[in-house]
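Please look over the sequence and the model below before reading on. The report then goes through selected parts of the chain under short headings.

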Amino acid sequence: MKKTNKKFRSNLNVGWRWLALALFANMLFLPSGIFLKLLTDDITPTLLPIIRYGVLSLILLPMVVQGVKKHRRVLKKNWVIIALVSVVSAVDPIFNAIAMSMSGPSFLAVLEMFSPIVFTILSVMIIKDKITKNSLIGLLFAILGGAIIFVLPMLIGSGSVVVYGWTPVILFAVVVAVAPLWPVYLRKQHENGLPVVLVAGIGFLFATLIALVFAIASFGIETLAEIGDLTPAHWFMLIYLGVVVSLCAQTLRVKAYEHIGTITHAALSYLHYALMVLVPMLVLGERLSWEMFIGAGFILVGVVFSRMRAPSIRTGRRR
């Protein structure tokens with residue numbers, strides 16, 4: 001009995017360490033909304049994924065070539081899924097950038113609340129991840145916390161409703177629907193024996209090519225001349241979005257997702273959204289609303305609930 005309890009505590013501690021890693025990865029995403037808005041104000045939105053993923057593709061190209069040679073059989077067997085992940089990695093940033101340029105981060109944050117729900121459904125369907133009663137309660141707490149932060153101010157009048165039209169709503173609805181496929185299929189392919197960086201690198205190459213074709217078809221080849229006008233600040237934000245967010249943070253999130261499970265990963269997404277609103281408010285010295293504190297509290301309760309007696313993802317045993 002003592003040995004069993006010792007093993008349980010050891011597994012629990014390991015689980016919380018992966019949770020800490022997931023929190024760190026989410027922190028790396030915090031400047032992304034501000035950076036995207038600043039960039040879309042100065043640069044044609046369709047250029048952003050070309051530069052962002054083009055830089056990544058150049059960095060990862062030697063690793064991708066070597067990985068394709070080493071994992072040729074597995075890649076051939078899973079090429080359909082790899083292609084799907086690649087298309088998702090291309091469509092997501094293009095539509096996201098265009099929607100951002102036509103609206104604002106706060107408006108899109110409300111729509112993005114549906115993304116963890118879509119992610120949970122896809123993960124359960126594709127990964128066959130198990131969901132316990134406590135983890136489901138945790139997700140409901142997190143959803144409620146997100147609703148308090150983003151939706152409640154609009155309903156009671158303490159916030160403001162800005163109408164941007166249907167175009168950004170439709171574009172971002174596509175993003176919400178397809179973006180969750182990215183981490184789910186990255187994890188799926190990693191479990192099939194492929195390195196996360198290899199699958200992501202192939203996706204970045206396709207994303208660059210698709211974004212390039214889309215930009216030229218929409219605005220002509222002369223739009224590429226804008227790249228020469230980028231300032232050092234623009235390059236810093238683009239490299240951060242590419243190397244830190246798309247590569248480092250996404251890789252860490254996928255690795256943590258394998259160990260903390262679907263529900264905890266989804267609940268952390270709501271904490272991520274709350275922080276993306278909180279940090280700019282603190283930086284600008286704005287007054288924090290009571291909805292922010294209550295909503296963040298519900299989200300934290302949801303994360304804790306999702307970790308209570310969660311079954312092991314691979315074995316189904318208690319942690």
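## Tyr53 and helix H3

Tyr53 counts as buried because its relative accessibility is 7%, under the 20% that sets the limit for buried residues. This residue belongs to helix H3, and, as everywhere in this report, the position described comes from a predicted model. Although Tyr53 and Leu247 are 194 residues apart along the chain, their C-alpha atoms are separated by 9.7 Å.

Helix H3 itself covers residues 47-70, which makes 24 residues, and from its first C-alpha to its last it reaches 33 Å, close to the 34 Å expected at 1.5 Å a residue. The helix is nevertheless not straight throughout, since at Leu60 H3 bends by about 55 degrees, and a proline, Pro62, follows within four residues.

## The chain as a whole

What kinds of secondary structure does the chain have, helices or strands? The chain has 15 helices and zero strands. Of its 319 residues, 48% count as buried, and the chain exposes about 15800 Å², with carbon and sulfur atoms supplying 70% of that area.

When the contacts with a separation of 6 or more are considered, residues 24 or more positions apart account for 88% of them. One pair that is distant in sequence is Gly297 and Phe141, which are 156 residues apart in sequence and 9.3 Å apart in space, C-alpha to C-alpha. Gly297 lies in helix H15, residues 290-306, and with a relative accessible area of 28% this glycine is partly exposed.

## Helix H7 and the patch beside it

Helix H7 runs over residues 115-126. The twelve residues of H7 should span 16 Å at 1.5 Å a residue, and the end C-alpha atoms are in fact 16 Å apart, so the span agrees with what is expected. The buried residues of this helix are Ser115, Pro116, Phe119, Thr120, Leu122, Ser123 and Ile126. After H7 comes Lys128, whose phi is positive, near 65 degrees.

Which residues form a nonpolar patch on the surface? They are Phe114, Ile117, Ile121 and Met125, and together they have about 400 Å² of accessible area. Within this patch, Ile121, a residue of H7, is partly exposed, because its relative accessible area is 48% and the partly exposed class lies between 20% and 50%. Phe114 instead lies in the loop between helix H6, residues 105-112, and H7, and its relative accessible area of 52% makes it exposed, since that class begins over 50%. The C-alpha atoms of Phe114 and Val176 are separated by 6.9 Å, even though these residues are 62 apart along the chain.

## A salt bridge in helix H11

How many salt bridges does the count give? The count comes to one salt bridge, and it joins Glu191 to Arg187, with the closest N and O atoms 2.9 Å apart. As general background, side chains of opposite charge can pair when their charged atoms come close.

Glu191 and Arg187 both lie in helix H11, residues 181-191, where they are four residues apart, about one turn of the helix. An α-helix has 3.6 residues a turn, so residues three or four places apart point the same way. The two partners nevertheless fall into separate classes of exposure: Glu191 is partly exposed at 37% relative accessibility, whereas Arg187 is buried at 1%.

## The loop before H11

Ala179 is found in the loop between helix H10, residues 166-178, and H11. Is this alanine buried or exposed? Ala179 is buried, because its relative accessible area is 18% and the limit for that class is under 20%.

Leaving aside neighbours within four places in sequence, Ala179 is in contact with Val88 and Asp92. The C-alpha atoms of Ala179 and Pro116, residues that are 63 apart along the chain, are separated by 10.0 Å, and Pro116 is one of the buried residues of H7.

## The bend in helix H13

Helix H13, residues 232-260, bends by about 30 degrees at Val245. Just after H13, Gly261 takes a positive phi of about 90 degrees.

Definitions and conventions
Residues are numbered from 1 along each chain as its sequence is written. This is a predicted model: local features need pLDDT of at least 70, side-chain atom pairs count only at pLDDT 80 or more; totals for chains, interfaces and linings use all residues. Side-chain values use heavy atoms; hydrogens and water are left out. Patches are made of residues with over 30% relative accessible area and no salt bridge: like charges are joined within 9 Å, nonpolar side chains (Val, Leu, Ile, Met, Phe, Trp, Tyr) within 5 Å. Accessible areas come from the Shrake-Rupley method with a 1.4 Å probe; for residues, only the protein chains shown count as cover. A salt bridge is a side-chain nitrogen of Lys or Arg within 4 Å of a carboxyl oxygen of Asp or Glu. Helices (H or I, at least four residues) and strands (E, at least two) are DSSP runs, numbered from the N terminus. Buried means under 20% relative accessible area, exposed over 50%, partly exposed in between (1.4 Å probe, protein chains only). The expected span of a helix is 1.5 Å times one less than its number of residues. The bend at a residue is the angle between axes fitted to the seven residues ending there and the seven starting there. Contact means heavy atoms within 4.5 Å.
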